[in-house]
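Colleague: I would like to learn how to read strand pairing and a buried side chain from a model. Can we work through one example?

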Amino acid sequence: MTRAEALAFRKKIESAATLLPDEQALESIELFPAWEPIAYTVGDRCRYNGKLYKCYNAITGDNPTWTPDVTAAHWEVVAKPEEEGTLNNPIAAEVGMRYYKDKYYKEGDKIYKCTRDDSNGQGTILYYTPSQLVGQYFEEVAA
């Protein structure tokens with residue numbers, strides 16, 4: 001296979017991966033294109049630093065410093081669907097993820113409950129971890 005054929009095949013794989021639901025996409029992050037400073041539309045997914053991100057606010061991408069990990073206004077980390085957000089099954093907290101009021105999140109060995117929603121039930125994307133926002137968005141919960 002030539003390099004050109006391999007690149008064309010890779011584009012086909014990435015195109016097919018767009019049809020995967022988030023749950024299956026998380027099992028195959030490597031199938032998604034690596035982030036590039038290009039235009040993205042709502043729903044586009046890409047991989048960056050070993051994580052899968054989803055665009056929720058279209059971005060022109062013309063700035064090479066607007067990586068998914070630093071542009072929470074456009075990107076969110078795709079969460080694992082098997083984590084229910086209950087006290088017994090909290091969601092692993094990540095910078096740049098969508099947090100929901102009354103759900104539980106685990107950061108290290110501590111559990112936090114989200115106490116605030118700024119978007120009428122749509123969740124709030126936060127660029128900080130729960131431990132950094134205790135008293136504002138979270139309360140620490142005894143495990």
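Colleague: Which residue in β3 is the bridge partner of Tyr 53?

Modeller: Keep in mind that this is a predicted model. To read pairing, look for the bridges that link one strand to another. Here the partner of Tyr 53 in β3 is Val 77. Three bridges link β2 with β3, a strand of residues 75-77, and the two run antiparallel.

Colleague: What is the bridge partner of Cys 46 in β2?

Modeller: Cys 46 pairs with Tyr 53. Strand β1 (residues 45-48) and strand β2 (residues 51-55) are antiparallel and joined by four bridges.

Colleague: How many residues lie between the strands in the hairpin of β1 and β2?

Modeller: Two residues lie there, and Asn 49 in this hairpin takes a positive phi near 50°.

Colleague: Now the side chain. Is Arg 98 buried or exposed?

Modeller: For burial, compare the relative accessibility with the cut-off: buried means under 20%. Arg 98 has 18%, so this residue counts as buried. Its place is in strand β5, residues 97-99.

Colleague: Which side chain does the side chain of Arg 98 join in a polar contact?

Modeller: The side chain of Glu 76, at 3.0 Å. The Arg 98 side chain also reaches a backbone atom, the oxygen of Gln 122, at 2.9 Å.

Colleague: Which residues is Arg 98 in contact with, leaving aside neighbours within four places in sequence?

Modeller: Glu 76 and Gln 122 are again among them, and the others are Tyr 56, Tyr 105, Gly 123, Thr 124 and Ile 125.

Definitions and conventions: Residues numbered from 1 in each chain as written. Predicted model: local features only at pLDDT ≥ 70, side-chain atom pairs only at ≥ 80, totals over all residues. Heavy atoms only, no water. Pairing = 2+ DSSP bridges. Buried < 20%, exposed > 50% of the residue type's maximum accessible area, 1.4 Å probe, protein only. Polar contact = N/O pair within 3.5 Å; in protein donor to acceptor, adjacent residues only side chain to side chain. Contact = heavy atoms within 4.5 Å.
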